[in-house]
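Reader: I have a structure to study and some questions about it. Can we go through them one at a time?

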Amino acid sequence: MIKVDIVNEVSTAADITKVKAEVAVDAVFDAMRMSMQRGDRIELRGFGVFQVKPRKRGIGRNPRTGKEVRIPPGRTIRFKPGKELQAIGG
């Protein structure tokens with residue numbers, strides 16, 4: 001599923017135009033993006049939790065040359081599915 005599919009689903013479910021649905025979907029994604037940039041945790045009950053976690057620095061290896069490469073510390077986003085979503089998977 002891609003963004004266009006989500007817009008189409010929202011448009012159908014909410015009985016609104018695709019243009020309005022796209023604005024709504026963009027607003028949700030922008031709000032989530034801004035929240036994660038601040039380092040906030042996003043919890044969507046029944047769906048899951050998005051959380052920004054620190055990533056340690058480390059040493060990786062270039063697969064082409066085999067040479068060691070330093071990986072700087074940073075942040076990464078983790079998703080933990082909620083119980084209802086996990087039930088779908090098995």
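Reader: In which sense do strand β3 and strand β4 pair?

Author: This is a predicted model. Strand β3 covers residues 58–61, and strand β4 covers residues 68–71. Four bridges link the two strands. Their pairing is antiparallel.

Reader: Which residue in β4 stands opposite Gly-58?

Author: Gly-58 belongs to β3, which covers residues 58–61. The partner must be sought in β4, residues 68–71. Opposite Gly-58 stands Ile-71.

Reader: Which residue in the turn between β3 and β4 has a positive phi?

Author: β3 and β4 form a hairpin. Six residues lie between the two strands. The turn residue with a positive phi, about 80 degrees, is Gly-66.

Reader: What is the order of strands in the open sheet?

Author: The open sheet has three strands, with antiparallel pairing. β1 and β5 stand at the edges, each with a single partner strand, so one side of each is left without a neighbour in the sheet. The order is β1-β2-β5.

Reader: By how many degrees are neighbouring strands of this sheet turned against each other on average?

Author: Take the sheet with the order β1-β2-β5. Ignore the direction of the strands and average over neighbours. The turn is 25 degrees.

Reader: How many bridges join β2 to β5?

Author: β2 and β5 run antiparallel. Two of the partners show this pairing: Val-49 is matched with Lys-80 in β5, and Pro-54 with Arg-75 in β5. The number of bridges joining β2 to β5 is eight.

Reader: In the hairpin of β1 and β2, which residue takes a positive phi?

Author: β1 and β2 pair in the antiparallel sense over three bridges. Leu-44 stands opposite Gly-48 in β2. The hairpin has three residues between the strands. The one with a positive phi, near 85 degrees, is Gly-46.

Reader: Now the helices. How far does α2 reach from its first C-alpha to its last?

Author: α2 has 20 residues. At 1.5 Å a residue, 28 Å is expected. The model comes close to that, with a reach of 28 Å.

Reader: Why do the buried residues of α2 lie on the same side?

Author: The buried residues are Ala-21, Val-25, Met-32, Ser-35 and Met-36. The face turned away from this buried side carries the exposed residues Val-19, Lys-20 and Val-23. The buried residues of α2 are on the same side because they cover an arc of only 105 degrees.

Reader: What covers the buried residues of α2?

Author: Take Ser-35, which is found in helix α2. Ser-35 is buried, with a relative accessible area of 11%. Beyond four places in sequence, Ser-35 touches Asp-40 and Ile-42. For the buried residues of α2 in general, the cover includes α1, β1, β2 and β5.

Reader: Which residue just after α2 takes a positive phi?

Author: Helix α2 covers residues 18–37. Just after α2, a phi of about 90 degrees appears. The residue is Gly-39.

Reader: On to charges. How many salt bridges does the structure hold?

Author: Side chains of opposite charge can pair when their charged atoms come close. One of the pairs here is Arg-61 with Glu-68, at 3.5 Å from N to O. At 55% relative accessibility, Arg-61 counts as exposed. The number of salt bridges is six.

Reader: Which residue meets Lys-3 in a salt bridge?

Author: The N to O distance of this salt bridge is 2.4 Å. Lys-3 lies in helix α1 and its partner in helix α2, so the pair ties together parts that are 23 residues apart in sequence. Lys-3 is partly exposed at 37%, and Asp-26 is partly exposed at 25%. The partner of Lys-3 is Asp-26.

Reader: How many residues apart are Asp-30 and Arg-33?

Author: The side chains of Asp-30 and Arg-33 meet in a salt bridge, 2.5 Å from N to O. Asp-30 is partly exposed at 39%, and Arg-33 is partly exposed at 44%. Both lie in helix α2, about one turn of the helix apart, and the spacing is three residues.

Technical notes:
Residues numbered from 1 in each chain as written. Predicted model: local features only at pLDDT ≥ 70, side-chain atom pairs only at ≥ 80, totals over all residues. Heavy atoms only, no water. Salt bridge = Lys/Arg side-chain N within 4 Å of Asp/Glu carboxyl O. Buried < 20%, exposed > 50% of the residue type's maximum accessible area, 1.4 Å probe, protein only. Expected span 1.5 Å × (residues − 1). Arc of directions from axis to C-beta. Contact = heavy atoms within 4.5 Å. Pairing = 2+ DSSP bridges. Axes fitted to C-alpha atoms, helices over the stretch in contact; angles between N-to-C directions.
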